[in-house]
Amino acid sequence: MGFFSNKSLFALAIVGLSVLSAVDARECPNGEGRFFNNECYKAVTTPATYEDAQAVCVGLGGRLPAMESEWANEWFQQEFATSNDMWIGTPTGPYRNWAYGTQPTACPAMQRDGQHAGRSCGNTQRYVCEI
């Protein structure tokens, strides 16, 4: 017989399932927003300029989310991108999803198709805060 008995392995399996359940069951503060990849994302319904959106997110203890990977970008698009562009944070990692012909020097926004585009920072658009 090995180091663990069948009872020990069963107990470890139950403990492992409980830990996984706890990880999957995490929620955002006050039950507001959506939890993904160890972060909470709260949609703000009032459109704002890029600067004002950043200020609101900072006031909530967060920031505009930067899309740092393809899978995060896809999740974000499915959860939040609807019929209009929405502000996102400036990417800091190697992942980029700029739409062809867009200006990455302007304020970054996510289009409905999930691609990023530079938009005039004075436009008012929807946004989500990573808190």
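# Close-up views of a predicted model

**Cys107 is buried, with a relative accessible area of 8%.** Buried here means under 20% relative accessible area, exposed means over 50%, and partly exposed is anything in between (1.4 Å probe, protein chains only). Its disulfide partner Cys121 is partly exposed, because its relative accessible area is 37%. A disulfide is a covalent bond between the sulfur atoms of two cysteines, and the rule applied here is a pair of cysteine sulfur atoms within 2.5 Å. In the disulfide of Cys107 and Cys121, the sulfur atoms are 1.8 Å apart, and with 95 degrees about the S-S bond the link is right-handed. The pair links distant parts of the chain, 14 residues apart: Cys107 sits in strand S4 (residues 107-110), while Cys121 is in the loop between strand S5 (116-119) and S6. Helices (H or I, at least four residues) and strands (E, at least two) are DSSP runs, numbered from the N terminus.

A note for every view: residues are numbered from 1 along each chain as its sequence is written, and side-chain values use heavy atoms, with hydrogens and water left out. This is a predicted model, so to speak of local features we need pLDDT of at least 70, side-chain atom pairs count only at pLDDT 80 or more, and totals for chains, interfaces and linings use all residues.

**A second view shows the disulfide between Cys57 and Cys129.** By the sulfur distance rule, the count comes to 2 disulfides. In this one, the sulfur atoms of Cys57 and Cys129 are 2.1 Å apart, and -85 degrees about the S-S bond makes the link left-handed. Look for Cys57 in helix H2 (residues 50-59) and Cys129 in strand S6 (residues 125-130); the pair links distant parts of the chain, 72 residues apart. Cys57 counts as buried because its relative accessibility is 0%, and Cys129 counts as buried at 0% too.

**Here is the open sheet, in which 6 strands follow the order S1-S2-S6-S3-S4-S5.** The pairing in this sheet is mixed. Strand S1 (34-36) and S5 stand at the edges with a single partner strand each, so one side of each is left without a neighbour in the sheet. Two strands are said to pair if DSSP finds at least two bridges between them.

**Strand S6 and its partners fill the next view.** S6 is mostly covered, with 5 of its 6 residues buried. Strand S2 (residues 39-48) runs antiparallel to S6, and 5 bridges join them. Tyr41 has Glu130 as its bridge partner in S6. Strand S3 (residues 86-87) pairs with S6 in the parallel sense over 2 bridges, and Trp87 stands opposite Tyr127 of S6.

**The largest nonpolar core has 13 residues.** A nonpolar core is a set of buried Ala, Val, Leu, Ile, Met, Phe, Trp, Tyr and Cys residues joined through side-chain atoms within 4.5 Å. The residues with the most contacts inside this core are Tyr41, Phe76, Phe80 and Met110. Helix H3 (residues 70-80) gives the largest share of the core, 4 residues. Another core, of 11 residues, lies apart from it, with Val44, Tyr50, Leu64 and Cys107 among them. Which residues surround Met110, leaving aside its neighbours within four places in sequence? Met110 is in contact with residues including Met67, Phe76, Ala81, Ile88 and His116, where contact means heavy atoms within 4.5 Å.

**Ring pairs link Phe36, Tyr41, Trp71, Trp75, Phe76 and Phe80 into a cluster.** Rings of Phe, Tyr and Trp (its six-membered ring) pair if their centres lie within 6.5 Å; planes under 30 degrees apart count as stacked, over 60 as edge-to-face and the rest as tilted. Searching the whole structure finds 7 aromatic pairs. The ring centres of Tyr41 and Trp75 are 5.5 Å apart and their planes stand at 55 degrees, so this pair is tilted. Because Tyr41 lies in strand S2 and Trp75 in helix H3, the pair ties together parts that are 34 residues apart in sequence. Trp75 also pairs with Phe80, this time edge-to-face, at 5.8 Å centre to centre and 80 degrees between the planes. Tyr41 and Trp75 are buried, and Phe80 is buried as well.
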